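Could you walk me through this model in the viewer, one selection at a time? I would like to know what to pick next and what I will find there.

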Amino acid sequence: MSKRTVSVWTDNRFWRRSAAWVTGFSLMLLIWLTFDSISQITMGSAEDLKNGVTKRIPSPTVINHKITYEMSDKRGHEVPVIGEKEQFFGRDDWSEEEANELLRLGKLGFQAKNCINCHTILGNGAYYAPDLTKAWLDPKWDNMGFLGYPTKEEGIAAFLQDPTTYAAHSRKMPKLGITPEEAKGLVAFLKHASSIDTNGFPRNFGKITGAVNAK
Ligand code: HEC
């Protein structure tokens with residue numbers, strides 16, 4: 001009896017082996033991606049910031065620095081750029097511990113007052129009010145002369161405590177009973193959020209804020 005030649009494509013062993021290799025490769029890839037993501041989203045330290053080490057999520061001490069949003073031709077979108085020292089509520093020497101505490105206060109306030117019931121931040125939340133991811137960098141604060149306050153942080157803090165008085169749009173933010181201390185924490189939280197490298201999200205920020213708040 002002559003031996004029949006079996007095509008490799010109909011051979012069970014070929015498919016079994018392929019399945020094992022593909023599963024093994026995917027598993028390795030997943031493990032590698034998990035570790036890569038963890039390292040990408042790990043918050044940088046004050047030391048990193050001092051040494052000019054760029055992290056996607058910089059240390060809370062980034063509040064001691066000027067933050068701008070600049071077009072990166074290489075990446076094809078805007079990226080936050082951490083600049084020289086700048087005062088934040090009268091100081092530019094907030095320690096890592098102090099800055100962390102301010103941010104914690106801000107995060108607690110953000111959750112307690114349910115800001116994402118109306119706003120989005122880092123992709124989470126509702127679409128009633130503007131995205132807050134880069135709210136610190138919104139050119140409207142400069143255009144509105146910091147609402148008559150000497151600094152941007154004081155202007156935003158005043159807005160948060162009394163949003164109807166400083167309303168910029170016909171769709172208004174209600175007064176949420178935010179204390180001056182909470183407002184300070186919230187502004188620190190927003191300033192830190194604006195320094196996070198979000199791959200250019202939200203897109204065309206600063207050019208479409210008018211559309212979001214269309215009257
Ligand atoms: C009930 C809905 C609602 C809630 C809750 C709310 N906001 Fe607002 N917020 C708005 C609306 C509407 C606007 C736009 C009105 C304006 O700018 O006058 C706004 C504007 C803002 C702005 C200005 C954004 C920009 O770039 O123009 C900031 C900052 C802000 N809110 C922060 C917060 C924070 C922080 C919280 C939680 C403590 C919060 N909001 C809770 C509705 C809300």
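Start by selecting the ligand together with α3 (96-112) and α5 (152-161): each of these helices supplies at least two residues of the shell around the ligand. Keep in mind as you look that this is a predicted model. Now show the 29 residues around the ligand and label C115, C118, A129, D138 and M173, which come nearest. If you colour the shell by class, you will find 18 nonpolar, 6 polar and 5 charged residues.

Stay with α5 for a moment. Which of its residues are buried? They are E153, G155, I156, A157, F159 and L160. To see what covers them, add α4 (140-143) and α6 (180-194), which are included in that cover.

Next, zoom out and switch to a cartoon of the protein chain. You should be able to pick out 7 helices and 4 strands. Followed along the sequence, they come in the order α-α-β-β-α-β-β-α-α-α-α.

With everything in view, colour by domain: domain 1 covers 8-40 and domain 2 covers 46-212. The centres of domain 1 and domain 2, taken over C-alpha atoms, are 42 Å apart. Along its principal axes, the C-alpha trace of the chain spans about 100 × 45 × 35 Å. The radius of gyration of the chain is 24 Å, whereas a compact globule of 215 residues would have one near 17 Å. Buried residues account for 26% of the 215 residues in the chain. Of the contacts between residues at least 6 apart in sequence, 53% join residues at least 24 apart.

Now select α1, residues 12-40. Its end C-alpha atoms are 42 Å apart, and this agrees with expectation because 29 residues at 1.5 Å a residue should span 42 Å. How many of the 29 residues of α1 are buried? The count is 0, and the helix is hardly covered.

For the last stop, centre on I57, in the loop between α2 (46-50) and β1 (65-72). Is I57 buried or exposed? It falls in between: buried would take 20 or more other C-beta atoms within 10 Å, and I57 is partly exposed because it has 17. Leaving aside residues up to four places away in sequence, I57 touches I41, M43, G44 and I196. Draw a C-alpha to C-alpha distance from I57 to I196: the two are 139 residues apart in sequence and 4.9 Å apart in space.

Definitions and conventions:
Residues numbered from 1 in each chain as written. Predicted model: local features only at pLDDT ≥ 70, side-chain atom pairs only at ≥ 80, totals over all residues. Near = placed C-beta within 6 Å. Nonpolar A, V, L, I, M, F, W, Y, C, P; charged D, E, K, R; others polar. Rg over C-alpha atoms; globule rule 2.2 N^0.38 Å. Buried ≥ 20, exposed ≤ 12 C-beta atoms within 10 Å, placed from the backbone. Contact = placed C-beta atoms within 7 Å. Domains from an automatic or database assignment. Expected span 1.5 Å × (residues − 1).
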